[in-house]
Amino acid sequence: GMKINIGQIIKLYRYKQNMTQSELAEGICSVSHLSKIENGSKEANQDTINLLLERLGISQETLSQKARHLLSLLDEFQMNMYFYALDQAEQNAEMIIHHEEQFFSLDLGIQYHLSLFQFYLLTEKQQLALKTHRVLKKFEKTFIDTERETFEYLDGIHQIKIGQLEEGLKRLESCFSYASVEQSDLYYHYAKALGAIGHLGDALEATHQAMDLYRQKNNFKRVIHCTLIHGVISLELKAFQTAKRYLKEVILHTSLHPDAYIKMTAYFYYGVLLKRQGDFSSAVPYLLDSLNYFNQEQIEDRYCETLYEIATLYAEYDRKKALPYIHELLKQPRIQPNCLYMIKIYKLMIEENPHDLKTYLVEAAIPYFEHNQLHNEYLFALRTLLSYAASELDKRAYMSYTTKLLDHLASYIPYYKKA
């Protein structure tokens with residue numbers, strides 16, 4: 001049922017009509033009585049309220065209609081977010097923000113903020129999401145059950161987006177029993193988070209669940225998003241043929257039904273796939289297209305990732321071209337530490353500076369990779385030391401690093417042990 005905050009509405013409409021309290025109260029009740037009604041501290045009788053509303057030119061009936069109108073705005077907003085119709089959702093958001101004070105006066109403030117929180121998460125508006133999160137935290141004590149469930153779900157997505165993966169996953173796991181949380185979306189975000197922490201089998205399982213539920217609801221955009229996740233997980237699992245099939249499907253679909261962000265994300269992963277298969281010249285155009293897009297749209301994390309893939313690709317097969325990308329990468333504040341170490345190694349290799357390369361590998365990179373158990377990077381660093389900086393090592397050091405490399409291979413490549 002609608003809880004209408006009548007005192008707040010009277011105050012709101014009085015302000016709108018530039019009326020003082022004494023002008024409104026005259027002949028109806030005392031000013032102090034009106035003041036108490038407006039602050040919600042006085043249970044006034046219905047006759048007094050009707051007279052006040054009448055003087056303001058509104059009725060209880062109008063207010064219920066207003067409330068229904070606002071609820072239908074929220075419904076439409078929810079629907080467009082669910083079906084990923086972002087342009088329409090953007091218009092809904094503007095309209096809803098325009099009515100902000102009415103939502104509050106009709107006691108729909110929490111639903112108002114929950115909907116916007118969901119929108120800011122959906123559209124990667126990090127700062128606005130944080131601000132709305134803080135507002136909702138203040139109201140948390142007053143939530144009814146459905147609001148509490150929705151907030152826990154959205155908070156889970158929020159935690160994941162700010163990098164608190166374990167915390168976010170815990171929140172999402174508790175939402176599987178909530179009736180008020182849309183299960184297809186829940187599985188979708190759950191799948192993405194599982195993928196991010198490297199639980200790839202579980203992530204695939206959750207992706208399939210999401211895909212089935214989206215198909216049942218004819219939510220085709222989200223089916224394509226699931227196809228993209230499936231492609232990315234297959235790539236991580238080194239199932240290159242499967243990954244290629246899914247990513248091609250996404251690229252084809254987004255050519256027919258434009259969705260630039262998804263298309264360019266698929267381009268990025270398709271480029272990475274070709275690069276990992278050693279097809280460097282085919283990989284370049286995909287990576288460059290996605291780089292330009294992420295730069296233009298200022299999607300910083302993706303821009304960094306793509307720069308890294310291009311820089312390391314050129315470092316492997318066309319050295320001179322790598323340097324401008326390396327310099328651009330070193331200027332990025334959001335670069336991941338393991339990428340930073342790798343890029344500095346490549347830079348010293350390309351500059352053919354074995355002395356600094358040896359110092360950097362031995363004193364900084366190798367200990368960092370070893371400590372953080374980054375196996376591929378660790379192997380790469382040892383190989384680089386032995387092939388590009390061998391002239392800087394004495395015989396004992398050379399033997400000791402060769403032994404490290406062989407031990408590491410033996411412990412991480414089971415076939416090697418048997419041989």
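Setting aside its neighbours within four places in sequence, E149 touches C175, Y178, A179, S180 and V181. This glutamate is found in helix α10, and it makes a good starting point for a tour of the model, which is predicted rather than determined by experiment. E149 is buried and yet takes part in no salt bridge. The nearest side chain of opposite charge belongs to R148, at a distance of 4.5 Å. A salt bridge here requires a nitrogen and a carboxyl oxygen within 4 Å of each other.

Helix α10 also carries a charged residue that does find a partner. Spanning residues 145–161, this helix contains D155, whose side chain meets that of R171 in a salt bridge of 2.3 Å, N to O. The pair links distant parts of the chain, since R171 sits in helix α11 (residues 165–174), 16 residues apart from D155. How do the two partners compare in their exposure to the surroundings, buried or partly exposed? D155 has a relative accessible area of 3%, so it is buried. R171 has a value of 22%, and therefore counts as partly exposed. The pair does not stand alone: D155, E167 and R171 are joined into one network by salt bridges that share partners.

Further along the chain, a second bridge connects two other helices. The side chains of K404 and E370 meet at 3.8 Å, N to O. K404 lies in helix α23 (residues 395–412) and E370 in helix α21 (residues 354–371), so that 34 residues separate the two and the bridge links distant parts of the chain. K404 is partly exposed because its relative accessibility is 31%. E370, with a relative accessible area of 41%, is partly exposed too.

A further example is the salt bridge between E61 and R68, in which the closest N and O atoms are 3.9 Å apart. With a relative accessible area of 48%, E61 is partly exposed; the cut-off for an exposed residue is over 50%. In total, the structure holds 18 salt bridges.

With these local details in place, the view can widen to the whole chain. What kinds of secondary structure does the protein chain contain, and how many of each? There are 24 helices and zero strands. Along its principal axes, the C-alpha trace spans about 105 × 45 × 40 Å. The radius of gyration is 29 Å, whereas a compact globule of 419 residues would have a value near 22 Å.

Distances between individual residues add to this picture. N5 is placed in the segment before α1 (6–16), and its relative accessible area of 28% makes it partly exposed. Between N5 and Y325 there are 58 Å in space, C-alpha to C-alpha, and 320 residues in sequence.

Burial and contacts can also be described for the chain as a whole. Of the 419 residues, 44% are buried. Among contacts with a separation of 6 or more, 55% come from residues 24 or more positions apart. The protein chain exposes about 22300 Å², with carbon and sulfur atoms supplying 51% of that area.

Charge completes the description. How many positive and negative side chains does the protein chain have? There are 46 positive and 52 negative side chains, and the centres of the two sets lie 4 Å apart.

Technical notes: Residues are numbered from 1 along each chain as its sequence is written. This is a predicted model: local features need pLDDT of at least 70, side-chain atom pairs count only at pLDDT 80 or more; totals for chains, interfaces and linings use all residues. Side-chain values use heavy atoms; hydrogens and water are left out. Helices (H or I, at least four residues) and strands (E, at least two) are DSSP runs, numbered from the N terminus. The radius of gyration is taken over C-alpha atoms; the globule rule is 2.2 Å times the number of residues to the power 0.38. Buried means under 20% relative accessible area, exposed over 50%, partly exposed in between (1.4 Å probe, protein chains only). Contact means heavy atoms within 4.5 Å. Accessible areas come from the Shrake-Rupley method with a 1.4 Å probe; for residues, only the protein chains shown count as cover. Lys and Arg count as positive and Asp and Glu as negative; His and the chain ends are not counted. The place of a charge is taken as NZ of Lys, CZ of Arg, CG of Asp or CD of Glu.
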